[in-house]
Amino acid sequence: MSSPDFLCLRLAIAPLTTSESNHFAIWVLESPFPGGFSHHDCVWDERLSQIWQSWQEFFSLRGLPQVPHVPSAYVPQFVLEDTLNALLPPSQPAANYTSRLMQGLGLTLWQWLFSGPIEQSLERSLGMAMGQSRPLHIRLEIRDPELISLPWEIMQPQSGRPAISLGQQMLFSRSTSAVDPLPDLDPDEDLRILLVLGSDEGSSADGQSDRTPVLRLHEEAQVLKDLLEQGTSGLRRRVVDKVPCQVHTLVEPDPATMIRELETGRYNVFFYAGHGVPAPDGGLLFLRTQAPLNGTELAQVLTRCRIKLAVFNTCWGAQPDQRSQSAIPRSSLAEVLLHHGVPAVLAMRDSIADEEALSFIQAFAQALAERHPVEQAMALARQQLLTLYGFNKTPWTLPVLYMHPQFDGVILEAPRRDVTRLPGEEGQTKKFAAVRSVEDPARVWPIYGGLMHVGRLPDNDLVIPEPWVSGQHAEIFCRNVSVGGQTQATYFLRDRSRFGTYCYVEGIWQHIHQQEVALNLGAQLRFGSHEGRLLEFIIEGGGSRFS
């Protein structure tokens with residue numbers, strides 16, 4: 001189920017069985033252009049092992065197993081100073097050690113994955129996406145289970161650039177192969193969520209009770225329901241075409257009750273919060289203390305009921321099980337569900353605190369209700385965690401999104417939008433206000449409803465993926481103005497950005513910064529820089545253009 005607008009670069013990592021244990025192959029499984037199917041062999045070296053080992057010592061909540069391919073004892077902080085300082089520009093070493101360690105691992109993972117011909121495939125794919133004003137979906141399939149525990153979501157191309165999973169022009173998720181094909185899944189009109197709150201204590205591997213609390217069930221059930229249905233105000237600057245969100249809650253149900261509700265409720269999102277442990281068949285979820293349900297059993301139900309997205313706030317949902325201190329391939333809950341045909345699975349890489357989970361759920365549900373595809377909603381919710389808890393803390397690194405190779409991430413149908421007619425055009429051929437590319441006049445962005453949001457982030461109406469463009473850069477809007485005793489519809493540009501907007505009016509370029517300016521027909525615009533894309537404000541339709 002993929003759309004024509006779906007540009008995807010899908011990569012795979014696997015160990016080279018004929019070489020030493022630290023040799024890997026990286027190759028392109030899917031590319032938006034014919035020559036993009038590259039292949040590259042590389043080595044997981046001692047430097048990577050040192051940074052990853054130190055990262056775990058500082059950031060892992062439960063002590064994730066180290067990658068065993070290059071055994072390395074823990075390297076104290078002072079040993080890594082030179083390595084981290086070499087990765088970061090001269091202005092960065094003064095930052096605190098945890099920030100440098102977070103950024104250092106992100107840079108190192110990026111350089112390891114996107115090197116040689118893989119980097120060339122990425123650059124060309126990204127260029128195609130930018131040229132078409134569409135995001136590039138990057139999906140990573142990790143075929144060595146020992147590498148799954150790494151936080152690939154923190155990869156970043158350069159110091160100071162955002163991580164790959166924070167969702168701007170690139171939308172990052174993980175994937176897997178050998179999956180059951182997806183049936184035809186039509187977009188829905190509303191969100192229908194089954195919220196299952198399982199037991200907050202379960203049986204540990206040694207048979208003892210693990211009383212680590214996940215949620216205070218009866219107190220939190222209504223809180224979560226309110227957050228999902230109503231609690232979406234205040235997080236984002238605006239809400240556009242927000243759809244209804246219906247939530248049904250089950251607290252500590254037995255498996256039969258949960259399955260019956262799934263089969264009769266016509267849900268499109270399944271959400272589980274409660275206790276869970278790794279196991280070979282996708283882990284165990286404890287609906288009740290002594291009533292576990294394994295991932296394979298759950299997968300059968302979710303696919304039969306055509307669930308599009310499954311979300312798990314439970315420990316280790318994105319981690320494989322271990323046997324004799326080695327990870328078992330294809331054993332994580334997220335992978336098992338994808339193998340059986342669940343389109344999208346969101347799980348946690350490690351334990352996440354209640355307040356962090358609630359913040360994430362709220363932002364994620366709101367983004368879904370605003371009709372964002374799953375990967376964009378994930379990026380927006382991750383940004384919320386980073387804003388609340390900081391770059392050098394783990395919350396924003398914990399959610400892991402797995403996407404079926406055939407799924408484009410669309411859950412809700414696109415809004416029905418009408419282009420606003422200009423006053424006096426009723427009964428005539430429609431003319432409408434728009435922004436047009438000067439270099440490519442065939443590219444026109446209509447101004448819907450008298451309002452256009454311009455910026456670098458994907459939730460804008462006009463997305464400009466240039467480094468000098470702010471995430472929410474500017475607005476173009478219509479306002480009625482009194483002229484000579486008559487009301488006249490006039491379009492304005494309001495700048496909200498860091499670097500301002502350049503507007504060419506009456507033969508000169510004006511720098512508009514945190515201001516409003518009226519737009520005349522043919523006004524030329526550059527957002528953020530004189531080097532930016534050249535656009536113009538026009539009236540489109542009716543067989544004529546004004547420029």
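**Close-ups: aromatic rings and a helix pair**

**View 1. Phe-364 and its partner Phe-360, tucked away in this predicted model.** Phe-364 has a relative accessibility of 5%, so the residue counts as buried. Phe-360 is buried too, at a relative accessible area of 2%; the cut-off for that label is under 20%. Both residues belong to helix α9 (residues 354-369) and sit four residues apart, or about one turn of the helix.

**View 2. The rings of Phe-360 and Phe-364 are stacked.** Their centres are 5.7 Å apart, with 10° between the planes. Searching the whole structure turns up 13 aromatic pairs.

**View 3. Four aromatic residues joined into a cluster.** Here, ring pairs connect Phe-24, Trp-44, Trp-112 and Trp-152.

**View 4. Helix α1 packs against helix α3.** Helix α1 covers residues 46-59 and helix α3 covers residues 97-113. Their axes lie 10 Å apart and make an angle of about 140°. That makes the two helices oblique to each other, since only angles over 145 would count as roughly antiparallel. The crossing of α1 and α3 is left-handed.

**View 5. Who touches whom between α1 and α3.** On the α1 side, the contact residues include Ile-51, Trp-52, Trp-55, Phe-58 and Phe-59. From α3 come, among them, Leu-101, Met-102, Leu-105, Leu-109 and Trp-112. Sorted by class, this contact has twelve nonpolar, five polar and one charged residues. Trp-112 also shows up in the ring cluster of View 3, along with Phe-24, Trp-44 and Trp-152.

Notes
Residues numbered from 1 in each chain as written. Predicted model: local features only at pLDDT ≥ 70, side-chain atom pairs only at ≥ 80, totals over all residues. Heavy atoms only, no water. Axes fitted to C-alpha atoms, helices over the stretch in contact; angles between N-to-C directions. Parallel < 35°, antiparallel > 145°, perpendicular 65-115°, else oblique. Left-handed = near helix turned anticlockwise from the far one by under 90°. Contact = heavy atoms within 4.5 Å. Nonpolar A, V, L, I, M, F, W, Y, C, P; charged D, E, K, R; others polar. Phe/Tyr/Trp six-rings, centres within 6.5 Å; stacked < 30°, edge-to-face > 60°. Buried < 20%, exposed > 50% of the residue type's maximum accessible area, 1.4 Å probe, protein only.
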